[in-house]
Amino acid sequence: MTFCKRGTEGLIYLEDGTLLKGCGFGAKGIRQGEVVFTTSMNGYPESMTDPSYRGQILAITHPLVGNYGVPSPIVKNGILQNFESEHIQIEGLVVIEETDPFKWNSSKSLHEWMAEQGVPGVSSVDTRLLVKRVRTLGSMMGVIVSGMEVSDPASYLGKRYDEIDFTYFTSPKSPIIHQNVSGSSLIVLVDCGIKHGILDELYRRGFTIIRLPCKSTAEEIMDYSPKGVVFGNGPGNPNLLEGLAQTFASVTEYKIPTLGVCLGHQIATKALGGKVRKMKFGHRAINKPVVDVTSGKCFISTHNHGYGVYKEDVPQDTQVWFINPDDGVVEGLIHKRLPIITTQFHPESRPGPNDTVWVFDRFKKMVIGNEWN
């Protein structure tokens with residue numbers, strides 16, 4: 001019998017019938033979501049607050065999670081410096097061992113943070129077995145339970161992840177302005193659940209940023225007379241966002257510099273006539289290689305996506321910019337005639353290595369100096 005240091009039992013259930021019992025931590029409760037995993041060794045505060053994880057139960061493969069606790073939020077220019085959004089976005093967390101913190105800037109433990117925000121966790125389970133199930137059968141729905149008696153966890157399975165537009169929960173309801181006194185170029189960011197790391201990199205390059213709701217029209221975007229437009233990351237199935245793809249297509253008619261990141265890359269692909277497909281278990285880590293096919297250079301990058309673009313689905317008039325050498329997934333595009341670039345990975349790399357922050361420098365040159373091809 002597993003000894004639970006917090007005296008609370010928990011479980012994780014997969015829709016294929018897999019049931020793993022362990023110890024509950026964080027908040028007591030029951031949540032359902034798509035079960036996914038990350039191989040990241042660090043950066044759990046950033047990952048857990050990444051809006052792209054909305055609707056998902058996250059399993060972390062690293063054996064110890066919680067060692068350095070959770071810091072107090074640091075905000076500059078309205079942008080969080082050590083979290084990716086204002087609160088935890090995942091539905092639940094699965095780890096082998098949830099630990100108590102020991103670090104100078106820790107303000108609370110992982111357990112305390114999750115309890116405060118109503119997010120359940122389960123520890124003392126075989127995450128290697130869990131990952132093998134997901135890798136073999138693909139991402140699937142699951143139920144996480146902490147501190148509650150449940151006789152039939154399958155009864156809590158509801159609507160499937162692919163059927164829900166999660167941008168409704170992560171996009172702002174009204175415009176948000178980050179005024180930048182050090183620069184003169186204004187850009188619009190279509191915010192479907194933007195990571196604050198991306199905001200920070202754009203702000204550092206002197207842009208005043210107007211964050212608009214995900215459902216904004218091209219006319220609403222262009223009312224601000226932006227020098228550039230960014231379609232950022234966000235959660236869920238891009239094939240549900242036909243309106244957003246149409247907005248992107250309409251923005252291209254203005255021929256202004258446009259950057260698509262993660263979900264924005266997928267939306268750009270759809271808008272330009274390509275296809276986006278569900279991946280078997282996605283890319284979620286801070287150590288994924290991508291190859292710039294225009295230079296032959298390889299970079300280590302941060303990923304969080306369950307949908308992908310494959311070479312046979314690339315739109316006409318675009319060229320592949322980056323690929324993942326492990327499975328051939330297209331990780332970036334460059335339009336041949338229009339000032340459009342995209343990356344599937346997260347170039348701001350929070351958390352992760354800084355190999356690809358130069359992508360933002362390239363976008364700045366497109367906006368400031370009309371250099372895009």
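# Strands, a helix face, and enclosed space

Let me begin with a single pairing, in which V188 has I210 of strand β16 as its bridge partner. Before I go on, please keep in mind that this is a predicted model.

That pairing belongs to a longer contact, since β15, residues 186-191, and β16, residues 208-213, run parallel and are joined by six bridges. β15 also runs parallel to a further strand, β17, which covers residues 228-231, and here four bridges make the connection; within this pairing, V190 of β15 stands opposite F231 in β17. How much of β15 is covered, then? Five of the six residues in this strand are buried, so to speak of β15 as mostly covered is fair by the cut-off of under 20% relative accessible area. There is also a helix to add to this picture, because α5, residues 196-204, combines with β15 and β16 into a β-α-β unit whose hand is right-handed.

Let me turn to another helix, α3, which spans residues 127-137, and in which T127, L130, V131 and V134 are buried. Why do these residues line one face of the helix? Viewed down the axis of α3, the buried residues fall within an arc of 95 degrees, and so they line one face. As background, an α-helix has 3.6 residues a turn, so residues three or four places apart point the same way. On the other side of α3 we find R128, K132 and T136, which are exposed.

The helix α3 comes up again when we look at the open spaces, and I will take the second largest pocket before the largest. This second largest pocket holds about 260 Å³ of space, and it is lined by 17 residues, of which R135, F281, G282, H283 and K288 are the closest to its centre. Both α3 and β19 supply at least two residues of that lining, although β19 gives the most, with eight residues. Sorted by class, the lining of the second largest pocket has six nonpolar, five polar and six charged residues.

The largest pocket, by comparison, contains about 310 Å³ of space; 17 residues line it, and E9, G10, L11, K21 and G22 are the closest to its centre. Strands β1 (9-14), β2 (19-26) and β13 (140-146) each contribute at least two residues to this lining, which divides into eight nonpolar, six polar and three charged residues.

Finally, the closed spaces, of which the count is three cavities of 30 Å³ or more. The largest cavity has a volume of about 120 Å³, and among its 14 lining residues G234, G236, N304, H305 and G306 are the closest to the centre. At least two lining residues come from each of α8 (263-271) and β20 (298-308), with β20 providing the largest share, namely four residues. By class, the lining of this cavity has five nonpolar, eight polar and one charged residues.

What volume does the second largest cavity have? The value is about 70 Å³, and of the 15 residues that line this cavity, S47, D50, Y53, T302 and H303 are the closest to its centre. Two or more residues of the lining are given by each of α1 (44-48), β19 (277-292) and β20, and the largest share, three residues, again comes from β20. The class counts for the second largest cavity are four nonpolar, seven polar and four charged residues.

Conventions
Residues are numbered from 1 along each chain as its sequence is written. This is a predicted model: local features need pLDDT of at least 70, side-chain atom pairs count only at pLDDT 80 or more; totals for chains, interfaces and linings use all residues. Side-chain values use heavy atoms; hydrogens and water are left out. On a 1 Å grid over the protein atoms alone, a cavity is a set of points where a 1.4 Å probe fits but cannot get out, and a pocket is an open set with protein on both sides within 12 Å along at least five of seven lines; lining residues have an atom within 4 Å of a point. Grid points are joined across faces, edges and corners, and a volume is the space filled by probe spheres set on the points. Ala, Val, Leu, Ile, Met, Phe, Trp, Tyr, Cys and Pro count as nonpolar, Asp, Glu, Lys and Arg as charged, and the others, Gly among them, as polar. Buried means under 20% relative accessible area, exposed over 50%, partly exposed in between (1.4 Å probe, protein chains only). Two strands pair if DSSP finds at least two bridges between them. A crossover is right-handed if, with the strands pointing away from the viewer, the path from the first strand over the helix to the second runs clockwise. The arc is that of the directions from the helix axis to the C-beta atoms.
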